[in-house]
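Student: Could you take me through one part of this model up close, strand by strand, and then show me what sits around it? I'd like the cut-offs as we go.

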Amino acid sequence: MPRAHRLPTGYVTRPVEEGVMDAACTLALQLTQAGIIPRRAPRPGETPESYILHSYVETWRKDLSAPDVLLDVTLLCGYSQHNTATIGVEVLPQSGRVLDLRALRADLRARDRYLFGALMFALRAALAPYQPVFTGQDAVQGEEALRFGEMWWDDHLEALSEAEHEERTREPRARDLCRWLQRQGAPTPYDLGRTYPMDTWTAPDDVARSLQARLHAHRAVPGLTEAADLLAHLATLPFEWRTTRAWAEDSLHPGVIDVVICQDIPERDPVLEFHRDVTDMLGMPHTESPVESLAMLEVHDWASHEAALRYLRAVADVQARTRAMWDALTRGATS
């Protein structure tokens, strides 16, 4: 098969579908012709798949190792009418840390009550595709999903109906149900506001819209200039990179992620405690949790290869800017 594709002979072949082998050899030819991988004789024990992957990783090692991410490079073989293969580069966050922003929150609250929450809300959304951050918003959504899911609402609606012994013409509002439960001394989703105050992770719309101006107005506070510059830079990156993490929709994700704490003592901050609880529940070690990938890149020609390198270089740049911003923000607020 390799000879039929004008490739070096000497591969170790395995019992696989002929179409898969053919797809791998075709891809190897495409990549060598494009100059993406070198044309060389297979090493002892190499298959067409390992020939492609070893050659690609070794040729572009510097570019592939630049970002602070883990890369899982595999061969993806399609099973369409015309069997095709591509190099799949899965990009995963490599490390996360606890970010103590208590001093920053206290300083900003004295200057602008909603600025801290507006900043956390903006950074959480903007950094999701590059260096995910876990804030009070994630803790609230996660606790609501775990403690107050659909069954919780259904069960308590039934309990309310039985307690009132009357036919309802319409279903009670969520607020009515929660008020009734609070009178019974039962916990409700509204109690989460005391655990995770909204001004630690969100802000009114008008504050969010004027965030850049507010950041510049208080640029004497360490880190706010870096935060403003980072948010402005992220807005210029290609739209297709601004993916939304699926875990944010599922409301549960400890993973390898930066965790923002801004209350209580560092070890007992409720956001960090919830992050650890979810980690334990999912059976993941705190230091190396499986995490949703930031991106899956497919390489099959020069254009897709260049696109992958542009993305990886951009992620490396974003992560460097992000580290610089967090370093400045966590050094402490000015007086």
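Tutor: Strand 4 (residues 133-134) runs parallel to strand 5, and 2 bridges join them; strands count as paired when DSSP finds at least two bridges. Within that pairing, V133 has D258 of strand 5 as its bridge partner. This is a predicted model, where local features need pLDDT of at least 70 and side-chain atom pairs 80 or more, while totals for chains, interfaces and linings use all residues. Residues are numbered from 1 along each chain as its sequence is written, and side-chain values use heavy atoms, with hydrogens and water left out.

Strand 5 also pairs with strand 3 (residues 98-100), again in the parallel sense, over 3 bridges. There, L99 is matched with V260 of strand 5. Strands here are DSSP E runs of at least two residues, helices H or I runs of at least four, numbered from the N terminus. Look at how strand 5 (residues 258-261) splits its side chains: D258 and V260 point one way, V259 and I261 the other, and all are buried, meaning under 20% relative accessible area with a 1.4 Å probe, protein chains only.

Elsewhere, 3 strands make an open antiparallel sheet in the order 1-2-6. Strand 1 (69-77) and strand 6 (295-299) each have a single partner strand, so one side of each is left without a neighbour in the sheet. From one strand to the next, the twist averages 25°. Strands 1 and 2 (residues 85-93) share 9 bridges, and V73 finds its bridge partner in V89 of strand 2.

Helices pack on that sheet too. Helix 2 (residues 48-59) touches strand 1, strand 2 and strand 6, and its direction makes about 145° with that of strand 1. Helix 15 touches strand 1, strand 2 and strand 6 as well, at about 150° to the direction of strand 6. Those angles run from 0 to 180 degrees between N-to-C directions of lines fitted to C-alpha atoms, for helices over the stretch in contact, contact being heavy atoms within 4.5 Å.

As for the packing, the largest nonpolar core (buried Ala, Val, Leu, Ile, Met, Phe, Trp, Tyr and Cys joined through side-chain atoms within 4.5 Å) has 62 residues, and Y311 and W326 are among those touching the most other members. Helix 15 (residues 302-329) gives this core its largest share, 10 residues. Apart from that core lies another of 14 residues, and I261 is one of them.

Methods:
Buried < 20%, exposed > 50% of the residue type's maximum accessible area, 1.4 Å probe, protein only.
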